Amino acid sequence: MKILHVDSEKCTRCSICAQVCPASFIKMTEEGPQENEFRFCISCGHCVAACPHGALDNERTPLAAQEPIKLSNWDEKTARDFLRSRRSIRRYKKEPVAKEKLLQLLDIARFAPTGGNGQGLSYLVISDKDKLQQITELTIQWMEQELSNGAPSAAYYRNVVRQYRTTGEDMILRGAPHLIIALCDKEFPRGQENAHFSFSYAELYAPTIGLGTCWAGYCQACAFTGYAPLLTVLEIPQDKKVAGALMAGYSQYRYYRMVERNPLAVTWL
Ligand SMILES: Cc1cc2nc3c(=O)[nH]c(=O)nc-3n(C[C@H](O)[C@H](O)[C@H](O)COP(=O)(O)O)c2cc1C
């Protein structure tokens with residue numbers, strides 16, 4: 001069954017659609033673009049999006065659902081400052097974030113690049129205070145277990161556990177009013193990588209809608225080991241696994257300066 005449809009009056013046979021196709025699914029012929037029998041479409045939408053004339057449609061990524069890209073007036077300094085201004089937020093206001101705003105955040109996260117355009121992520125949002133407290137407590141218990149087993153990476157955990165047990169300071173979820181868990185199918189091979197990119201999009205977009213985020217790396221590490229008490233509290237369905245974890249809320253503070261990083265290291269061959 002054919003999925004490509006060409007408007008032959010609009011098509012100039014420029015072959016851009018075939019050139020940008022990552023899977024060689026499109027071949028250029030005298031009559032215009034056609035489907036290559038033995039290659040398959042990964043539904044990335046490049047062919048439709050790159051046609052200067054709107055001559056190509058693909059049932060998997062319909063032309064009608066593609067928003068035009070308006071020329072951006074972002075200069076490079078603005079873009080650079082935008083990227084450099086993102087910070088991990090570790091102090092949150094108690095005020096919860098409205099569902100619509102969290103949806104707005106996640107609706108950008110799904111546009112990040114994914115291996116083979118596999119996507120494959122869904123999101124679980126935990127906002128219940130008691131559940132969040134339980135998640136922190138269980139992650140701490142898992143860390144204590146790791147410490148007593150002498151796991152090599154556990155040295156990092158000592159301080160986190162001590163702070164929590166002596167002062168109650170939560171370095172796991174940082175008092176964030178929401179924890180977002182990225183989920184994928186149990187057999188899905190690229191869940192963690194895809195979740196990293198997806199959450200990077202969310203982290204960058206968050207401040208533009210007034211939100212702050214921080215990677216919940218400790219909680220995520222605990223979930224990745226399959227620690228059953230945590231997975232039970234998270235109510236992870238049997239056929240799913242955790243691919244990533246991100247805190248979200250309103251930041252208590254703002255940042256006035258951009259920090260420096262290690263110097264750029266590049267090798268040229
Ligand atoms: C995979 C990953 C896991 C992380 N885990 C945590 C975490 O558990 N707790 C935390 O406070 N920050 C965590 N962070 C945030 C980093 O500490 C932070 O990105 C780094 O210090 C640089 O600061 P910036 O994000 O503000 O630029 C994590 C970041 C990444 C990418």
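Helices and strands are taken here as DSSP runs, at least four residues long for helices (H or I) and at least two for strands (E), and are numbered from the N terminus. The structure is a predicted model.

**Ligand site**

In this model, β7 (212-215) and α8 (217-224) each supply at least two residues of the shell around the ligand. The ligand is surrounded by residues including Arg86, Arg87, Ser88, Arg90, Arg174, His196, Trp215, Tyr218 and Arg261. By class, the shell comprises five charged, four nonpolar and three polar residues. Side chains of Arg86, Arg87 and Ser88 approach oxygen atoms of the ligand as follows.

| Residue | Distance from a polar side-chain atom to a ligand oxygen atom |
|---|---|
| Arg86 | 2.9 Å |
| Arg87 | 2.9 Å |
| Ser88 | 2.6 Å |

The ligand taken alone exposes 620 Å², of which the protein buries 66%.

**Largest pocket**

The largest pocket has a volume of about 1400 Å³. Its lining consists of 32 residues, and those nearest the centre of the pocket are Cys44, Ala49, Glu67, Ile69 and Phe111. Nonpolar residues number 19 in this lining, alongside ten polar and three charged residues. Among the secondary-structure elements, α2 (46-50) and α7 (191-205) each contribute at least two lining residues.

Where does the largest pocket lie with respect to domain 1 (4-65) and domain 2 (80-249)? The largest pocket lies between the two domains, because both of them give residues to its lining.

Definitions and conventions
Residues are numbered from 1 along each chain as its sequence is written. This is a predicted model: local features need pLDDT of at least 70, side-chain atom pairs count only at pLDDT 80 or more; totals for chains, interfaces and linings use all residues. Side-chain values use heavy atoms; hydrogens and water are left out. On a 1 Å grid over the protein atoms alone, a cavity is a set of points where a 1.4 Å probe fits but cannot get out, and a pocket is an open set with protein on both sides within 12 Å along at least five of seven lines; lining residues have an atom within 4 Å of a point. Grid points are joined across faces, edges and corners, and a volume is the space filled by probe spheres set on the points. Ala, Val, Leu, Ile, Met, Phe, Trp, Tyr, Cys and Pro count as nonpolar, Asp, Glu, Lys and Arg as charged, and the others, Gly among them, as polar. Domain bounds come from an automatic or database domain assignment. A residue is near a molecule or strand if one of its heavy atoms lies within 4 Å of it. A polar contact is a pair of N or O atoms within 3.5 Å; within protein, one must be able to donate a hydrogen and the other to accept it, and residues adjacent in sequence count only if both atoms are side-chain atoms. Accessible areas come from the Shrake-Rupley method with a 1.4 Å probe; for residues, only the protein chains shown count as cover.
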